[in-house]
Amino acid sequence: MDIRKLKENHKLLKEYKYELGKVDKGYANRTLYVNISNNTIKEKPVTDFMKDKFVGGKGFGMWYLWNAVTPTTRWNEPENEIVIAGGPVCGITQYAGTGKSLVCSLSPLTDIPIDSNVGGYFGPLLKFAGFDALEIQGKAEKDIIVYIDGNTGVVTIEEAPLEAIDGHVLGEQLTEMYADNEADKRNVAVVTAGTGAEHTRFGLLNFTFYDPRRKVTRLKQAGRGGIGTVFRDKKLKALIIKFSNVKGDLNNAFDQAIINKTGIKYHKEIHDLDSKQNNMRKIGTANIIEVMDAYDLLPVMNYQYGMHPDTQKIKSTVFIEKYITQGVQDGCWYGCSMACAKAADGFELKTGPYKGHKVTVDGPEYENAAGLGSNCGIFDPEGILELNFYCDTYGIDTISFGTATAFAMECYERGIINKEITCGMELNFGNFEAAVELLHQMSRGEGFGVTVGQGIHKMKKLFAEKYGADPDFLFDIGMEQKGLEYSEYMPKESLAQQGGYGLTNKGPQHDEAWLIFMDMVNNQIPTFEDKAEALHYFPMFRTWFGLYGLCKLPWNDIVPADNKYTSEPAKVPEHVQNYLDVVYGVTGKKLSVLDMIKESERVYNFQRIFNIRMGKGLRANDKIPYRSMGPVTAEEYESRKERYDKQLAEKIGYDPEDKTIEEKMAVMREYREDQYEKLTDAVYKRRGWNSNGVPTLEHLKYLGIDFPEVVEIVKDLQ
Amino acid sequence: MKYLAKDESKCIQCGNCEEVCSKTYFKINDRAKSCIQINERDGNPEINVCDQCGECIDICPVMAISRDKLGVVRINKKICVGCFMCVGFCSKLSMRQHDEYIEPFKCISCGLCAKQCPSEAIFMAEKDDSEALELQLDKVFSK
Amino acid sequence: MIKLNNRDFPWEEGMTVESVMRAKSFTYSRIIVKVNGQHVDQEDYSNTAINDGDEVQMIHLLAGG
């Protein structure tokens, strides 16, 4: 459609002019607040209190959200907000992975705060336009866009009736509309959801960046927790920002030279070592598909198994050789030499409304290949790419879609649901046509796709209440916790990773701790105390990235050549020091590792208490489905019989000879569930929480977040 | 393509080339601001200067680096975002950076230093275009 | 018997770092190998013998994703 015609049909609802600012040592010192119910736009100061206690990024998001909602607010009420914030380091260009935005909102899946971390240019350009955060509250009556012109200092709210909703079309339309010419396109960044976000609870947000070589608008995703669903429920069609003249020094750093030196050292490291280590520049995170399979950790058919002979059909080299364009700069922000934002170009779609179109597919990332592929029994690279593409453009989280579809497929195969319920669909594992049709149904808002799109938590309830399924069995095999679907690793044989998934703030997502190898393979954290220490350090360390606008991958998806000679290689000490140096360079703040952990602990504990305030966040909410802890079915036991029998004999002192599988499974289950409880005790203790998972007042005092409204929530739970 | 060729065995390490380079482009005699740098390795002179191979062209996120009509690899400082990936990824360590500037700099085969070289250790030369390392994007995206 | 990552692992005649890695399907690209506390580089995996009773560590440096 003619871009001019689209624009002519915009109706201006509000225009707001602001003074352009200058970033000072990483902070713009202002937040832009937009209420789309009553079209109010205002600026709020970013206070020293906020910087001291919450740093930026996710910290700011949680703080604004806390102040916006009450314990009874739900995701689809106008009070709920979507907050987008980078962080003080966000927007430097010399170090890899420094353009992240953190998005916070109350989740339609979990009813508690969710945070999702995303690349693309929106976060950095927002800061250069003058704002550390964008806070959106309210609900519009008709589809609107919010446009921030960071060159002239104008913010507008406009009705935008004619533009597409699907991410890849809308991203292109708006980039074209707001750029002056081809060269100007990289100065425009767009946030969209998609049609699928309207009919599911796991809608995502696409954050664009313009790729000048491919000449396409690329999409990165704030995937987890259904923020895209909130976005469309607010009748937001898109957010657009424009800022020209990005340079490498716009953060007005305290000491640019330190940043330059650290960044160039890191670029050299990637140049010299990436091809010998993880091949991030060739294939991104998908490099581990075959690794996970080799170590029996790849989720196969709803996490029943950890490997499959057909994995070789979707291993990373297949994607490298046949689909993913090689040798083209693929960073999702300037200066990312890790460049893991891979893409398949000229991919011809076989199904759906864009059938026959040749498109650029952003991905596959590991999670997509595992979630859309092996976990659904789909060992077909083109099937994975097609699902990946449609998930993105429809605004659907690949992880939740993959895990929820895998659950529905297992229910279908076990006769818990039938063809009548699936509206005629044969939902067997491996059925790509069925999986992609579910997606198209989610886009159109019809059929069984809408049911799957409600997420596993809601499906379990429906299948039990309406179709008479055994709720206990569904609880065992439904891989969700707190309402959020598991991401794509098999935690069954690693107690620490069960905690890494279960003892999290937002639900089972691996961004807090990923300890499978340290625990299961390396045996580096054998005791409960060791595991608890890891489940303290790593979640706090990883939270820290989200406070500063950083990507976690450059931390440990490459390591210095001499890393192995350090005392704690898993922590990659040199890179930790790089981050402390970069933060010093930007802000002038000298941090130790302990300070770093403490900064995270503040936000982490605040978020935990936020969960409690919203009715979750206690021990009962940290329980996990047994499928993530051990074999639920006889088939699963059989598939690892040797391992399980050995464990019964050696660890539990139970002789497996002449016992039935059911007897052995029961003993195993009792043992493993008990282990998880003991782990929970140890982790709570290490984190400064009581046995119900509530932060103690003493700990809150130590962290300096014992504000009255925080204490109020936990004082009766001590 | 035009490039600055070298014969290290003839270099007498006088530093004339560094001086003329930094004076020409940064109006100061400072070898840290020279595109060509004379070092010593194992007691022998080593001349480090860009050979216009072009591998940096594909590294730049904003396509600020390109090859001009004469085959010289040049940086468009107006659009450069100062990420310095080209500095870290230059296999020959010939892309330069100085903290007083937010863009990198490199030899553009102007030949001024060659004129000042008393020992003919550096001199302008031509090499075949086939030695260019950058991707041909029209071919990459035509598949 | 040897200790592999602090767990018992049966020793065999002619065992090398490479043969243990093959037996365990340790295929990942970033593994730190130590035999009795001494680092072993990748190029030496095939010619580093493992003796009965050795303490072997094969630490996978994989904590990303």
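In what order do the 7 strands of the open sheet in chain A lie? In this predicted model, the order is β1-β9-β8-β13-β10-β11-β12, and the pairing within the sheet is mixed. The edge positions are taken by β1 (11–17) and β12 (216–222) of chain A. Each of these two strands has a single partner strand, so one of its sides is left without a neighbour in the sheet. From one strand to the next, the twist averages 20°.

As a general reminder, strands of a sheet pair through backbone hydrogen bonds, in either a parallel or an antiparallel sense. At one end of the order given above, β1(A) pairs with β9 (residues 154–159) of chain A in the antiparallel sense, and 6 bridges link the two strands. A handy place to pick up this pairing in the structure is Glu15(A), whose bridge partner in β9(A) is Thr156(A). A helix also meets this sheet: α5 (residues 167–178) of chain A lies across β10 (188–192), β11 (205–211), β12 and β13 (236–242) of chain A. Relative to β10(A), helix α5 of chain A runs at about 150°.

Attention now turns to how the chains meet. There are 2 pairs of chains in contact, and chains A and B share the most contacts. Chain B and chain C, by comparison, are joined by no contact, and their closest C-alpha atoms lie 22 Å apart. In the contact between chains A and B, 28 residues come from chain A and 22 residues from chain B. On the chain B side, α2 (85–89) and α4 (137–140) each supply at least two residues. Helix α2(B) gives the largest share of that side, with 4 residues. By residue class, the side of chain B that touches chain A divides into 16 nonpolar, 3 polar and 3 charged residues.

Chain C is worth a look of its own. Its secondary structure comprises 1 helix and 5 strands, which run β-β-α-β-β-β from the N terminus on. The radius of gyration of chain C is 11 Å, which agrees with the value near 11 Å for a compact globule because that is what 65 residues would give. Taken along the principal axes, the C-alpha atoms of chain C fill a box of roughly 35 × 25 × 20 Å. Of the 65 residues in chain C, 31% are buried. Among the contacts in chain C with a separation of 6 or more, 66% are between residues 24 or more positions apart.

Terms used: Residues numbered from 1 in each chain as written. Chains lettered and ligands numbered in written order. Predicted model: local features only at pLDDT ≥ 70, side-chain atom pairs only at ≥ 80, totals over all residues. Contact = placed C-beta atoms within 7 Å. Nonpolar A, V, L, I, M, F, W, Y, C, P; charged D, E, K, R; others polar. Rg over C-alpha atoms; globule rule 2.2 N^0.38 Å. Buried ≥ 20, exposed ≤ 12 C-beta atoms within 10 Å, placed from the backbone. Pairing = 2+ DSSP bridges. Axes fitted to C-alpha atoms, helices over the stretch in contact; angles between N-to-C directions.
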